[in-house]
Every structure is written in C-alpha cells, then in structure tokens.
Amino acid sequence: MPFLQVMSNRASHKFSLDNLPSLDLTKMKGTPNASLKDYLQALEIARSAQELAVIDSMPVALQQSVLAVLRYAAECEVADRKQITFSWSPAYEWGLHLWEARAVQGSASAITINLEGPYPEP
C-alpha cells in the first residue's frame, strides 16, 4: 500500500470528529516554524524514514498548504476544531484538492484533503 495512503488513514483517524476533542497538540506549541514533516511526526502520523521521505518528495507549496489547513482546523479552541478527512489518489504529477463544508444545524464543519501523487515504484 502506498505510504501516502497509510498516512492518510492515520491522519483521518486522528482528525476524526470523535478524536478532535482529545487531539494533543502540546508538542507543537512554541514551534510556529514547524514543517509539515515535523507536524506529522509529532502527531505520530508519519512514523518511518520511508514515510518522511515521501513527505520530503512533495512540492513545498503542497506541504505548506496542507500544514496551513491542519493548523487552521486544529489550533483553535477545542469546540471550534474541524474534522478532516484525508485521502490519496495516484496521479502523474502532484496535486491537491481541498473542500470545506461549513457547519449547519445538526452537522459539524468538515474539511476534506485529497492529495494526488505519483504511485511508488516497486
């Protein structure tokens, strides 16, 4: 299974509506210049050298975009946090699709991040 898919599964679990209230961001306090790789390591989403290498291979603009969304969704009052669903799809080039559904009565806000990236070679 591609590493981006594995990390997407972990991230979706961490940022799920049920887990948002207990999401521990204390490791990120005082690190405003943290990279996406730092953030994903601190949250135990990126766990191996191979997974970190995949993050390094992403274009910097995409890394910064994903990091900005993570910070926007989670670094606020616990009651205002937004759930995030992550997905990966194979593509020739790197790409990013981002959707935000605002809260409506009876339904919380939600963000979907779909990363597109090259399928790893065997």
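What follows is a short conversation about how to read a predicted model of one protein chain.

Biologist: Let's start with the overall layout. How many helices and strands are there in the chain, and in what order do the elements run from the N terminus?

Modeller: A good habit is to count the elements and then read their order. Here the chain has four helices and three strands. Read from the N terminus, the order is α-α-α-α-β-β-β.

Biologist: And the overall dimensions? What radius of gyration does the chain have, and what would a compact globule have?

Modeller: The idea is to set the value beside a rule for globules. For 122 residues, that rule puts a compact globule near 14 Å, and the chain has 14 Å, so the two agree. You can also look at the box filled by the C-alpha atoms along the principal axes, roughly 45 × 30 × 25 Å.

Biologist: What share of the residues counts as buried?

Modeller: Of the 122 residues, 39% do. For the outside, look at the accessible surface, which comes to about 7200 Å², with 54% of it belonging to carbon and sulfur atoms. On charge, there are 10 positive and 13 negative side chains, and the centres of these two sets lie 6 Å apart.

Biologist: Now the interior. Which residues of the largest nonpolar core touch the most other members?

Modeller: Think of a core as a network and look for its best-connected nodes. This core has 33 residues, and Phe-15, Leu-36, Tyr-39, Leu-70, Ile-84 and Ile-113 touch the most other members. At least two core residues come from each of helix H1 (3–14), helix H2 (36–42), helix H3 (49–57), helix H4 (60–74), strand S1 (83–90) and strand S3 (110–117). H4 gives the most, with seven residues.

Biologist: Could we zoom in on one node? Which residues are in contact with Ile-113, leaving aside its neighbours within four places in sequence?

Modeller: Ile-113 is in contact with Val-66, Val-69, Ile-84, Thr-85, Phe-86, Ser-87, Leu-96, His-97 and Leu-98. For the whole chain, take contacts between residues at least 6 apart in sequence: 66% of them join residues at least 24 apart.

Biologist: Let's try a loop residue. Where is Trp-94, and what does Trp-94 contact beyond four places in sequence?

Modeller: Trp-94 is in the loop between S1 and S2. Its partners include Leu-4, Val-54, Met-58, Pro-59, Leu-62 and Glu-116. Sequence distance and spatial distance are worth reading together: Trp-94 and Glu-116 are 22 residues apart in sequence, while their C-alpha atoms are 5.2 Å apart. The relative accessible area of Trp-94 is 22%, so this residue is partly exposed.

Biologist: Is Ser-109 buried or exposed?

Modeller: Ser-109 has 17% relative accessibility, and the cut-off for buried is under 20%, so Ser-109 counts as buried. Its place is the loop between strand S2 (95–101) and S3. Beyond four places in sequence, Ser-109 is in contact with Lys-82, Gln-83, Ala-101, Arg-102 and Ala-103.

Biologist: What about the backbone? Which residue has a positive phi although it is not a glycine?

Modeller: That is Glu-44, with a phi of about 60 degrees. Glu-44 sits in the loop between H2 and H3, and is partly exposed at 44% relative accessible area.

Biologist: One last pair, then. What separates the C-alpha atoms of Asp-38 and Ala-101?

Modeller: A distance of 27 Å, with their positions 63 residues apart along the chain. Asp-38 is in helix H2 and is partly exposed, with a relative accessible area of 36%.

Key:
Residues numbered from 1 in each chain as written. Predicted model: local features only at pLDDT ≥ 70, side-chain atom pairs only at ≥ 80, totals over all residues. Heavy atoms only, no water. Rg over C-alpha atoms; globule rule 2.2 N^0.38 Å. Buried < 20%, exposed > 50% of the residue type's maximum accessible area, 1.4 Å probe, protein only. Contact = heavy atoms within 4.5 Å. Areas by Shrake-Rupley, 256 points an atom, 1.4 Å probe, with all protein chains shown as cover. Lys, Arg positive; Asp, Glu negative; His and termini not counted. Charge placed at Lys NZ, Arg CZ, Asp CG, Glu CD. Core = buried A, V, L, I, M, F, W, Y, C linked by side-chain atoms within 4.5 Å.
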